[in-house]
Amino acid sequence: MLHLTRLFWLLLCLVYVVNGQAEAATEFFGRHGSSHTNNWAVLVCASRYWFNYRHMSNALGMYRTVKRLGIPDPNIILMLADDAACNPRNKYPGCVYSSSAKTLDLYGDNIEVDYRGYEVTVENFLRVLTGRVEPSVPRSKRLLTDDRSNVFIYMTGHGGNEFLKFQDNEEISAFDIADAVAQMWEKKRYNELFFMIDTCQANSMYTKFYSPNVLATGSSLVHENSYSHENDRDIGVAVIDSYTHYVLQFMEGINKTSQATMQDLFDTYDPEKINSHPGVRSDLFPRSLRDALVTDFFGGVAQAEVLPPLDASQSFVEQTSTSNPEAHTPSDGDTDAYALYTENVTEFDEVGSLDSEMFLAAITQAGESVLGAPLTREARAWAASAIVLSLMGWIASRK
């Protein structure tokens with residue numbers, strides 16, 4: 001009797017441990033609450049001319065970071081004047097450096113500039129965000145996002161109170177960007193959006209946002225300048241801005257599996273080092289900054305959306321109707337394939353329920369079937385309950 005009692009308690013402990021592990025796994029994979037399935041980045045250097053070398057370095061440094069963390073080139077829109085690497089005054093032709101040590105060439109031979117030179121305009125930037133591009137624009141120059149996309153927008157250049165200059169020729173206002181983001185939300189072009197800008201009076205550029213799921217940060221307060229970090233005597237100009245330098249310095253410690261959060265990034269802001277007061281706006285962002293990973297915006301997504309399998313009978317009808325719209329029966333050449341299909345596929349009955357073979361297949365392929373997974377969990381729960389109740393009844397009958 002004592003042996004049976006111990007067995008009973010052992011079974012209860014086993015059921016508890018299994019359920020606890022399942023809950024822990026569910027919590028681990030879902031605790032951050034991010035539902036996106038793809039990442040995109042729009043990186044804009046709004047300046048041109050040699051003396052704005054640092055702005056090109058800012059954008060290329062951010063380009064290298066998001067690419068290193070897993071966002072592929074087709075998902076990166078890079079807008080760059082691209083007039084520094086091959087400038088006659090560049091002592092290091094074809095190279096762009098962000099430090100006087102010159103340990104890392106940001107230009108290299110593996111960058112893809114999507115909008116170059118005079119293509120970097122306010123109109124093109126807004127068209128990229130809203131998707132209102134001409135039919136002739138290639139896919140490589142389009143932001144092909146959807147409602148499951150996390151979008152990172154980075155901008156650098158010369159600006160002022162609620163405006164950013166584009167190549168000393170035109171300006172974009174905080175209202176323009178806010179309205180473009182609103183159109184993106186209405187057209188379901190993003191899941192969450194992170195906006196970062198490095199310019200003078202940068203924090204004024206995100207004050208007009210009014211769309212949901214937007215997180216924003218800037219390098220300096222209103223009426224405050226954003227300063228360069230380091231001058232290079234060989235090159236003769238500043239090579240990077242201070243705010244971007246320290247952001248990239250933090251990002252160098254991040255890898256694709258890092259659990260660092262956006263709050264960790266913002267906690268590194270030090271006005272004494274940056275020489276300005278960076279700001280953060282999170283009132284439109286639904287998640288806690290301690291739950292939002294840095295890689296939710298800077299990295300490639302590591303999640304996948306599982307879709308239900310296509311019914312075999314529907315797949316066969318679609319294939320035959322596509323090849324011959326006037327006939328929905330197999331041709332002579334398809335006889336063997338159709339015979340194999342009818343031997344291995346179980347049809348739905350008239351009311352749309354599943355027969356026993358499909359039900360068993362769903363159970364045995366629980367890990368691969370949307371239908372099988374919940375059925376298997378339910379069956380296991382009932383089986384465990386039945387075993388425990390049977391043991392309890394047997395013990396009671398022995399008394």
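**Salt bridges and sheets in a predicted model**

I would like to open with one pair of charged residues, Asp296 and Arg287, both of which are buried. Before going further, I should say that what we are looking at is a predicted model. In that model, Asp296 and Arg287 form a salt bridge, with their closest N and O atoms 3.1 Å apart. As a reminder, side chains of opposite charge can pair when their charged atoms come close.

That pair belongs to a longer list, since a search of the whole structure finds 15 salt bridges. Another on the list joins Lys141 to Glu119, where the closest N and O atoms are 2.8 Å apart. Because Lys141 sits in the loop between helix 3 (122-130) and strand 4 (149-156), while Glu119 sits in the loop between strand 3 (115-116) and helix 3, this pair ties together parts that are 22 residues apart in sequence. How buried or exposed are the two partners, Lys141 and Glu119? Lys141 has a relative accessible area of 19%, and because the cut-off for buried is under 20%, Lys141 counts as buried; Glu119, with a relative accessible area of 32%, is partly exposed.

A further salt bridge brings together the side chains of Asp267 and Arg290, at 3.9 Å from N to O. Here Asp267 lies in helix 6 (residues 262-267) and Arg290 in the loop between strand 12 (279-281) and helix 8 (295-298), so that parts 23 residues apart in sequence are tied together by the pair. Asp267 has a relative accessibility of 46% and is therefore classed as partly exposed.

There is also a network, in which salt bridges that share partners join Lys91, Lys102, Asp232 and Asp234. Let me stay with Asp232, which is found in the loop between strand 10 (228-231) and strand 11 (238-241) and which, at 2% relative accessibility, counts as buried. A polar atom of the Asp232 side chain lies 2.8 Å from the backbone nitrogen of Asp234. Which residues does Asp232 contact, if we leave aside its neighbours within four places in sequence? They are Ser99, Ser100, Lys102, Val237 and Val239, and Lys102 is also a member of the network I have just described.

Now I will turn to the sheets. Seven strands form an open sheet with mixed pairing, in the order 3-2-1-4-8-9-12. Strand 3 and strand 12 stand at its edges and have a single partner strand each, so one side of each is left without a neighbour in the sheet. Within this sheet, strand 1 (residues 38-45) and strand 2 (residues 76-80) pair in the parallel sense over four bridges, and Val42 has Ile77 in strand 2 as its bridge partner. Helix 5 (residues 242-251) packs on the sheet, where it touches strand 4, strand 8 (192-198) and strand 9 (214-218), and the direction of helix 5 makes about 130° with that of strand 8.

The model also has an open sheet of three strands, in the order 5-6-7 and with antiparallel pairing. Its edge strands are strand 5 (159-160) and strand 7 (170-173), each of which pairs on one side only. Strand 5 and strand 6 (residues 163-166) run antiparallel and are joined by two bridges, with Gly159 standing opposite Leu164 in strand 6. Helix 3 packs on this sheet and touches strand 6 and strand 7, its direction making about 35° with that of strand 7.

Conventions
Residues numbered from 1 in each chain as written. Predicted model: local features only at pLDDT ≥ 70, side-chain atom pairs only at ≥ 80, totals over all residues. Heavy atoms only, no water. Salt bridge = Lys/Arg side-chain N within 4 Å of Asp/Glu carboxyl O. Buried < 20%, exposed > 50% of the residue type's maximum accessible area, 1.4 Å probe, protein only. Polar contact = N/O pair within 3.5 Å; in protein donor to acceptor, adjacent residues only side chain to side chain. Contact = heavy atoms within 4.5 Å. Pairing = 2+ DSSP bridges. Axes fitted to C-alpha atoms, helices over the stretch in contact; angles between N-to-C directions.
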